[in-house]
Amino acid sequence: MDLKKAIVIKNEFTNTAGGSRGTRGSTPGKFVIDYMSRQDATETLAPVEVNDSGLVFYATRYMARSDATEKMKLLGPRGSVKELKHEFSELEYLSGRGFGRRHISMSGKQLVDTSKAIQQAFDDGHTVQKIVLSFTDEYLHETGVVDKSFEFAGKGSYRGQLDQLKLRQAITSGIDKMTRDGGYKDPEWVGVIQVDTSHVHCHLA
């Protein structure tokens, strides 16, 4: 397998150079939540923790519920039942969709907080990098991301067939190496794997 052909990389940057509001968009934080993490394109992975020895611990899917509970306490008597239900459903909906520098599977709150950090960095004059990694069917089979018996049957057929943990860990390792070798200073990033097209791809910001 030729990795140069098995993985296609699209890379672009957006910044405020020359007084621009954004050379390729001025709301990267919104892009993370509204486009990258949209429900019809993504799958969730139960939040997990990876310790220093590389062991993986599956955390509860109710991490988002804990986040929602804390927000409910903050709202207090000012928050209506309708508002509280909306807050809860928003966090639950986002939980498990994204991964990043510190988390292989983010809770809803972690994803929102990271998207805000990316937007704040952009607003403070930093460049935001947007990357798309596309993987061939051959790559997914040979690396065990999909089962050997899986046969592609058209757009969206990868849904429910991917070893999300394995693919996220591989991407995280690659991004860690890229940011380290590239001399990035305190990089903040989020990735989301999308399965709604005829090829598996990962959006990174």
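# A five-stranded sheet, a buried strand and two pockets

The protein chain has seven helices and seven strands; helices (H or I, at least four residues) and strands (E, at least two) are DSSP runs, numbered from the N terminus. The model is predicted: local features need pLDDT of at least 70, side-chain atom pairs count only at pLDDT 80 or more, and totals for chains, interfaces and linings use all residues. Residues are numbered from 1 along each chain as its sequence is written, and side-chain values use heavy atoms, with hydrogens and water left out.

User: What percentage of the residues of the protein chain count as buried?

Analyst: A residue is buried under 20% relative accessible area, exposed over 50% and partly exposed in between (1.4 Å probe, protein chains only). The protein chain has 205 residues, and the share that counts as buried is 41%.

User: Which strands are the edge strands of the open sheet?

Analyst: Two strands pair if DSSP finds at least two bridges between them. The open sheet has five strands with antiparallel pairing, in the order β1-β5-β7-β6-β4. An edge strand here pairs on one side only, and the two that do so are β1 (7-14) and β4 (98-100).

User: How many degrees does the twist average from one strand to the next?

Analyst: Axes are lines fitted to C-alpha atoms, for helices over the stretch in contact, and angles run from 0 to 180 degrees between N-to-C directions. From one strand to the next, the twist averages 20 degrees.

User: Which strands of the sheet does helix α2 touch?

Analyst: Contact means heavy atoms within 4.5 Å. Helix α2 (residues 28-36) packs on the sheet, and its direction makes about 25 degrees with that of β6 (190-194). The strands touched by helix α2 are β5, β6 and β7.

User: Which residue of β7 is the bridge partner of Phe135?

Analyst: Strand β5 (residues 128-135) runs antiparallel to strand β7 (residues 200-204), and five bridges join them. In β7, the bridge partner of Phe135 is Val200.

User: Which residue in β7 stands opposite Gly191?

Analyst: β6 and β7 form a hairpin with five residues between them. Their antiparallel pairing extends over four bridges. Opposite Gly191, in β7, stands Leu204.

User: How many residues of β6 are buried?

Analyst: β6 is joined to the antiparallel strand β4 by three bridges, with Phe99 opposite Gly191. Both faces of β6 are covered: Val190, Val192 and Gln194 are buried on one side, and Gly191 and Ile193 on the other. The strand is largely enclosed by the rest of the structure, because the number of its residues that are buried is five of the five.

User: What distance separates the C-alpha atoms of Met36 and Val192?

Analyst: Met36 lies in helix α2 and is buried, with a relative accessible area of 0%. Not counting residues up to four places away in sequence, Met36 touches residues including Val190, Gly191, Val192 and His203. Met36 and Val192 are 156 residues apart along the chain, yet the separation of their C-alpha atoms is 6.2 Å.

User: What is the volume of the largest pocket?

Analyst: On a 1 Å grid over the protein atoms alone, a pocket is an open set of points with protein on both sides within 12 Å along at least five of seven lines, and lining residues have an atom within 4 Å of a point. Grid points are joined across faces, edges and corners, and a volume is the space filled by probe spheres set on the points. For the largest pocket, the volume is about 570 Å³.

User: Which element gives the most to the lining of the second largest pocket?

Analyst: The second largest pocket holds about 270 Å³ of space and is lined by 14 residues, with Ile7, Ile9, Leu133, Gly174 and Ile175 nearest its centre. At least two lining residues come from each of β1, β5 and α7. With six residues, the element that gives the most is α7.

User: How many charged residues are in the lining of the second largest pocket?

Analyst: Ala, Val, Leu, Ile, Met, Phe, Trp, Tyr, Cys and Pro count as nonpolar, Asp, Glu, Lys and Arg as charged, and the others, Gly among them, as polar. The lining of the largest pocket has 13 nonpolar, four polar and five charged residues. In the lining of the second largest pocket, eleven are nonpolar and three polar, and the number of charged residues is zero.

User: What is the phi of Asp186?

Analyst: Asp186 is in the loop between α7 and β6 and counts as exposed, at 62% relative accessibility. Most residues other than glycine have a negative phi. Although Asp186 is not a glycine, its phi is positive, at about 50 degrees.

Note on methods:
1 Å grid on protein atoms, 1.4 Å probe; cavity = no way out; pocket = protein on both sides within 12 Å on 5 of 7 lines; lining within 4 Å.
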